[in-house]
Amino acid sequence: MGISRDSRHKRSHTGAKRAHYRKKRKFELGRQAANTRLGPKRIHEVRVRGGNKKFRAMRLEAGTYSWGSEAISRSTRIVAVVYNASNNELVRTNTLVKGAIVQIDATPFRQWYENRYAKILGKKRRAAAEEDKGEATKPRSKHLLAKVAARKSSVEPALDTQFGSGRLYAIITSRPGQSGRCDGYILEGKELDFYLRKIRSKK
Amino acid sequence: MSEQQNERSFQKQASVFLNAKVVNKKNARWYKDIGLGFKTPVTAINGTYVDKKCPFTGDVSIRGRILSGTVHSTKMTNTIIVRREYLHYIPKYQRYEKRHKNIAAHLSPAFIGVQKGDIVTVGQCRPLSKTIRFNVIKHQKQQQKGSKQFQKF
């Protein structure tokens with residue numbers, strides 16, 4: 001490869017230049033970055049030290065995202081990369097890395113919510129679409145209706161508007177170049193406010 | 001609260017979940033006892049800073065050597081240089097010479113008012129950067145001779 005992760009080529013703490021006395025070893029190797037993009041799934045398997053495998057995702061389009069306050073996870077499509085704290089270039093090229101803020105498809109979460117709480121999310125848009133055959137209005141037995149009524153539901157306004165547009169902001173917490181997956185959690189509360197401000201100040 | 005969000009990514013303690021629907025105590029904070037008899041400072045428990053390299057509120061463990069020395073420099077962000085002096089014996093002349101070694105150590109925001117000359121105890125931790133393998137775990141101000149005198153105004 002040529003990429004090595006040794007510190008023998010660097011100057012020491014005192015500033016002394018270290019003598020080059022041995023060649024690069026295999027255990028110090030580094031590999032090319034994955035730079036996982038959005039697109040039809042393409043994953044390369046890599047044999048690593050000890051005979052183990054790493055799944056280098058080259059293109060991904062979906063991942064499992066958790067809604068923390070509701071404690072559920074659903075597999076959803078990733079729409080776009082929206083913010084990256086390290087490098088704006090990675091946003092422009094839609095590169096999926098750990099810690100990147102992405103927009104994900106909201107439908108599985110909306111369907112789950114309407115099924116559980118029998119309430120409609122994203123008020124204005126859905127109200128315009130009329131409640132025809134939504135999960136919120138499907139026929140339920142009396143026993144089930146009582147259970148549903150007893151469940152408390154509260155969604156913060158920032159999340160509610162996101163449901164209206166059909167896209168939620170989420171952060172990637174897995175490492176696509178290592179595990180081959182692009183999983184994460186939906187942003188809520190202070191974290192959501194922080195990143196919304198960052199995204200707006202960019203535009 | 002915004003004084004802790006100076007970076008481009010959201011700073012938070014990894015083990016604290018901020019968005020639970022039922023909030024028990026306002027903005028729960030995680031801290032630990034580093035062991036070996038070292039008291040975790042109240043500034044770490046009650047503070048609002050987020051530092052993943054802090055021995056009390058972050059993801060580092062103190063193990064291995066525990067050393068102490070005097071603070072030599074505090075000019076770096078969140079890290080200090082600790083100077084350890086010792087005497088080296090020359091057998092031919094049956095005499096000693098002064099030598100010193102500098103150690104770079106991470107300084108948690110829990111310790112405030114650390115100045116050059118103070119005595120500091122550092123504990124070994126995993127490498128935090130190219131030269132930092134130690135973390136400040138105790139701080140004791142320098143004793144001023146005639147401390148009843150004015151120093152600074």
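This report walks through the contact between two chains, a sheet, several salt bridges and two single residues. The model is a predicted one, so please read every value below as computed from it.

## Where chain A meets chain B

Let us start with the interface. On one side, 23 residues of chain A take part in the contact, and on the other, 15 residues of chain B. The size of an interface is often given as the accessible area lost when the parts come together. For chains A and B the buried area is about 1500 Å², with carbon and sulfur atoms giving 51% of that figure. Three residues are worth finding in the viewer: His13(A), Lys190(A) and Phe194(A) supply 34% of the area that chain A buries against chain B, more than any other three residues.

Polar links cross the interface too. There are 8 residue pairs in polar contact between chain A and chain B, with both partners at pLDDT 80 or more. Helix H7 of chain A, residues 189-202, gives the most to the side of chain A that touches chain B, with 7 residues. Sorted by class, that side of chain A has 6 nonpolar, 8 polar and 9 charged residues.

The count of salt bridges between the two chains is 1. Which residue of chain B pairs with Glu191(A) in a salt bridge? The partner is Lys12(B), and the closest N and O atoms are 3.5 Å apart. Lys12(B) sits in the segment before helix H1 (42-46) of chain B, while Glu191(A) belongs to helix H7 of chain A, so the pair joins two chains. The two partners can also be described by their accessibility. Glu191(A) counts as buried because its relative accessibility is 3%, under the 20% cut-off. Lys12(B), at 31%, counts as partly exposed.

## Salt bridges across the structure

Side chains of opposite charge can pair when their charged atoms come close. Over all chains, the structure holds 10 salt bridges. Here are three of them, with the N to O distance for each pair.

| Lys or Arg residue | Asp or Glu residue | Closest N to O distance |
|---|---|---|
| Lys12(B) | Glu191(A) | 3.5 Å |
| Lys53(A) | Glu45(A) | 3.6 Å |
| Arg92(A) | Glu89(A) | 2.6 Å |

The pair of Arg92(A) and Glu89(A) lies within one helix: both residues belong to helix H1 of chain A (residues 88-92), 3 residues apart, or about one turn of the helix. Arg92(A) is exposed, with a relative accessible area of 65%, and Glu89(A) is partly exposed at 38%.

Elsewhere in chain A, a network of salt bridges links Asp6(A), Arg8(A), Arg22(A) and Glu28(A).

## The sheet of chain A

Chain A also has an open sheet of 4 strands in the order S2-S3-S1-S6, with mixed pairing. Strand S2 (42-47) and strand S6 (95-96) are its edges, each pairing on one side only. What direction do S2(A) and S3(A) take relative to each other? They run antiparallel, and 6 bridges join S2(A) to strand S3, residues 53-60.

Glu45(A) is a handy marker here, standing opposite Phe55(A) in S3(A). The side chain of Glu45(A) also meets that of Lys53(A) in the salt bridge listed above. Is Lys53(A) buried or exposed? Its relative accessible area is 54%, so Lys53(A) is exposed, being over the 50% cut-off. Glu45(A) counts as exposed as well, with 51% relative accessibility.

## A buried serine in a loop

Next, look at the loop between helix H4 (142-150) and helix H5 (157-165) of chain A, where Ser153(A) lies. Ser153(A) is buried, with a relative accessible area of 18%. Leaving out residues up to four places away in sequence, Ser153(A) touches Tyr113(A), Tyr117(A) and Lys119(A). Which side chains make polar contacts with that of Ser153(A)? One is the side chain of Tyr113(A), at 3.2 Å; another is that of Lys119(A), at 2.9 Å.

## Leu18 of chain B

Finally, back to chain B. Leu18(B) lies in the segment before H1 of chain B and is partly exposed, with a relative accessible area of 35%. Apart from neighbours within four places in sequence, Leu18(B) is in contact with Phe10(B) and Lys12(B). Lys12(B) is also the residue that forms a salt bridge with Glu191(A). As for Lys39(B), 21 residues from Leu18(B) along the chain, the C-alpha atoms of the two are separated by 27 Å.

Technical notes. Residues are numbered from 1 along each chain as its sequence is written. Chains are lettered from A and ligands numbered from 1 in the order in which they are written. This is a predicted model: local features need pLDDT of at least 70, side-chain atom pairs count only at pLDDT 80 or more; totals for chains, interfaces and linings use all residues. Side-chain values use heavy atoms; hydrogens and water are left out. Contact means heavy atoms within 4.5 Å. Buried area is the accessible area (1.4 Å probe) that two parts lose on being put together, summed over both. A salt bridge is a side-chain nitrogen of Lys or Arg within 4 Å of a carboxyl oxygen of Asp or Glu. A polar contact is a pair of N or O atoms within 3.5 Å; within protein, one must be able to donate a hydrogen and the other to accept it, and residues adjacent in sequence count only if both atoms are side-chain atoms. Ala, Val, Leu, Ile, Met, Phe, Trp, Tyr, Cys and Pro count as nonpolar, Asp, Glu, Lys and Arg as charged, and the others, Gly among them, as polar. Buried means under 20% relative accessible area, exposed over 50%, partly exposed in between (1.4 Å probe, protein chains only). Two strands pair if DSSP finds at least two bridges between them.
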